[in-house]
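Subject: Structure for your review

Dear colleague,

Please find below the structure that I am handing over to you. The findings follow directly after it.

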Amino acid sequence: MKVLVTGGTSGLGLAMASALAAAGASVALTGRSGERAESVAAGLPGATGIEMDVRDESSVARAVDRAWSRLDGIDMLVNNAGIGMRTVNPRFMTEPQGFWEVPSDAFRAVIDTNLTGYFLVAREITPRMLAAGGGRIVNISMNHSTMRRAGFVPYGPSRAGSEALSRIMAADLRGTGVTVNLLLPGGATVTGMLPQDVAAEGHGFLSPAVMGPPIVWLASDDAAGVHDERIVAAEFGPWLRDRESRQ
């Protein structure tokens, strides 16, 4: 399996890239800094690092070209690159802002990364997958409660939008051989998106490693044809057992 993971230099992206590489996949991971992406990839077996700014169409096109060439095709796209509320309000967990207090440029930056970025990367890679006869797209999302939580503009709307985008992508691609699924941690996860003082407490937070088993399964033969599912990583074991019992 040849996999492109956007935003793969830290957090959920790195956890998924690491799990996929450990399972034997050929992984290309991206970051805004090509140097950092290459450095992180050097620590994973057989991985390659590529510079990509998901907000920029030309950067996306160049990166997908490079990843396709280096991997000799791409079987799976993991749309993960994103920024969180820390970029808007560093104290968002303890001192939430009303939406009317959010600067417009901060709003646009989050939407451009978390929503438009998913669209641009998927738009670039889907025609290649269709021409190749198939492929898999996994869009990373968050809990529905995060999408409507007070003080979570613009992060909540960006993730709600990316989830709606994913569902429409799945509808548009049904029956084409290209599958689309959603994957989310299932709770607050210890990544750079959390304020450092809050993350240090460690109470009730998930490890990014929770994303490993479901993303490896989604890349496996067992997941061939799985389409338009919303998988919660923290509940993956029971979800999979229930799915298998129904088949």
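Glu51 has a relative accessible area of 44%, and it therefore counts as partly exposed, a class that lies between buried, under 20%, and exposed, over 50%. Please bear in mind that this value, like the others in this message, comes from a predicted model. Glu51 belongs to strand 3, which covers residues 48-51. Apart from neighbours within four places in sequence, the residues in contact with Glu51 are Gly31, Arg32, Gly34, Ser59, Ala63 and Arg66. Arg91 stands 40 residues from Glu51 along the chain, and the C-alpha atoms of Glu51 and Arg91 are separated by 30 Å.

I turn next to the packing of the helices. Two packed helices are described by the angle between their axes and the distance between the axes.

How do helix 3 and helix 4 cross? Helix 3 comprises residues 57-71 and helix 4 residues 104-132; their axes come within 9 Å and cross at roughly 40 degrees. Because of that angle, helix 3 is oblique to helix 4. The crossing of helix 3 and helix 4 is right-handed. On the side of helix 3, the residues that meet helix 4 are Glu57, Val60, Ala61, Val64, Asp65 and Trp68. Their counterparts in helix 4 are Leu120, Val121, Arg123, Glu124, Ile125, Arg128 and Met129. Sorted by class, the contact of helix 3 with helix 4 has 8 nonpolar and 5 charged residues, and no polar ones.

Helix 4 also packs with helix 6, which spans residues 155-173; here the angle is about 15 degrees and the axes are 8 Å apart. Helix 4 is therefore roughly parallel to helix 6, as angles under 35 degrees are classed in this way. The crossing of helix 4 and helix 6 is right-handed. Helix 4 contributes Val110, Ile111, Asn114, Leu115, Tyr118, Phe119, Ala122, Thr126 and Leu130 to the contact. Helix 6 contributes Tyr155, Pro157, Ser158, Arg159, Gly161, Ser162, Leu165, Met169 and Leu173. In the contact of helix 4 with helix 6, 12 residues are nonpolar, 5 are polar and 1 is charged.

The aromatic rings were examined as well. How many aromatic pairs does a search of the whole structure find? The search finds 4 aromatic pairs. One of them is formed by Trp217 and Phe236, whose rings are 5.9 Å apart centre to centre, with 55 degrees between the planes, a tilted arrangement. This pair links distant parts of the chain, since Trp217 is in helix 8 (residues 212-218) and Phe236 is in helix 9 (residues 236-245), 19 residues apart. Phe236 also pairs with Trp239, in a stacked arrangement with 6.2 Å centre to centre and 25 degrees between the planes. Phe236 and Trp239 are 3 residues apart in helix 9, so about one helical turn separates them. Ring pairs thus link Trp217, Phe236 and Trp239 into a cluster.

Are the residues of this cluster buried or exposed? Trp217 has a relative accessibility of 9% and so counts as buried. Phe236, with a relative accessible area of 10%, is buried. Trp239 is buried too, because its relative accessible area of 18% is under the limit of 20%.

Finally, I would draw your attention to some details of the backbone. Most residues other than glycine have a negative phi, and most peptide bonds are trans. The peptide bond from Val153 to Pro154, however, is cis, with omega near 15 degrees. Pro154 is located in the loop between helix 5 (144-147) and helix 6.

Asp72 is not a glycine, yet it has a positive phi of about 60 degrees. Asp72 sits in the loop between helix 3 and strand 4 (76-79). With a relative accessible area of 61%, Asp72 is exposed. Asp228, likewise not a glycine, has a positive phi of about 60 degrees. Asp228 is placed in the loop between helix 8 and strand 7 (230-232). The relative accessible area of Asp228 is 25%, so Asp228 is partly exposed.

Yours sincerely

Definitions and conventions:
Residues are numbered from 1 along each chain as its sequence is written. This is a predicted model: local features need pLDDT of at least 70, side-chain atom pairs count only at pLDDT 80 or more; totals for chains, interfaces and linings use all residues. Side-chain values use heavy atoms; hydrogens and water are left out. Axes are lines fitted to C-alpha atoms, for helices over the stretch in contact, and angles run from 0 to 180 degrees between N-to-C directions. Helices (H or I, at least four residues) and strands (E, at least two) are DSSP runs, numbered from the N terminus. Angles under 35 degrees count as roughly parallel, over 145 as roughly antiparallel, 65 to 115 as roughly perpendicular and the rest as oblique. A crossing is left-handed if the near helix is turned anticlockwise from the far one by less than a right angle, and right-handed if clockwise. Contact means heavy atoms within 4.5 Å. Ala, Val, Leu, Ile, Met, Phe, Trp, Tyr, Cys and Pro count as nonpolar, Asp, Glu, Lys and Arg as charged, and the others, Gly among them, as polar. Rings of Phe, Tyr and Trp (its six-membered ring) pair if their centres lie within 6.5 Å; planes under 30 degrees apart count as stacked, over 60 as edge-to-face and the rest as tilted. Buried means under 20% relative accessible area, exposed over 50%, partly exposed in between (1.4 Å probe, protein chains only).
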